[in-house]
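Biologist: Thanks for sitting down with me over this one. Shall we take a look at it together?

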Amino acid sequence: MVFNTGAALLDAIVLAVVSKEEQGTYGYKITQDVRQVLEVSESTLYPVLRRLQKDECLAVYDMEFGGRNRRYYKLTEKGAAQLHLYQVEWKSYTSKINRLFEGGK
């Protein structure tokens, strides 16, 4: 991607990905889903997950899978509210950018 991805956009994308799974989803799957729209490494993504957990946007729980514990991330009410705010802001932002690119139409 040519454009710089700020922390807020990455947070919004991660929250959107996690919100798709009602029971939560695990880190590797989140990474794969995010990579469908943005090239990001696991070393970039895990600090984002920890920050969102610290900010109470994500709840975390462990579940056994294949003889190992797998950490799952689930959207909280606060996370859902933050995602909604990001969605509203994104619509406004992209609308303004599209008008600019299209010559003010």
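Biologist: At what angle do the axes of H1 and helix H4 (residues 77-101) cross?

Modeller: This is a predicted model, where local features need pLDDT of at least 70, side-chain atom pairs count only at pLDDT 80 or more, and totals for chains, interfaces and linings use all residues. Residues are numbered from 1 along each chain as its sequence is written, and side-chain values use heavy atoms, without hydrogens and water. The axes, lines fitted to C-alpha atoms over the stretch in contact with angles from 0 to 180 degrees between N-to-C directions, come within 9 Å. They cross at roughly 120°.

Biologist: Which residues of H4 make that contact with H1?

Modeller: Contact means heavy atoms within 4.5 Å. On the H1 side, Ala 8, Leu 9, Asp 11, Ala 12, Leu 15, Ala 16 and Ser 19 take part. Their partners on H4 are Gly 79, Gln 82, Leu 83, Tyr 86 and Trp 90.

Biologist: Nice! Why are the buried residues of H3 on the same side?

Modeller: Buried means under 20% relative accessible area and exposed over 50%, with partly exposed in between (1.4 Å probe, protein chains only). In H3, Leu 45, Val 48, Leu 49 and Leu 52 are buried. They share a side of H3 because the arc they cover around the axis, taken from the directions from the axis to the C-beta atoms, is only 100°.

Biologist: Which exposed residues does the face turned away from the buried side of H3 carry?

Modeller: The buried residues themselves pack against H1 (7-19), H2 (27-34), S2 (58-65) and S3 (68-75). The face turned away from them carries the exposed Ser 43, Arg 50 and Lys 54.

Technical notes. Helix = DSSP H or I, 4+ residues; strand = E, 2+ residues; numbered from the N terminus.
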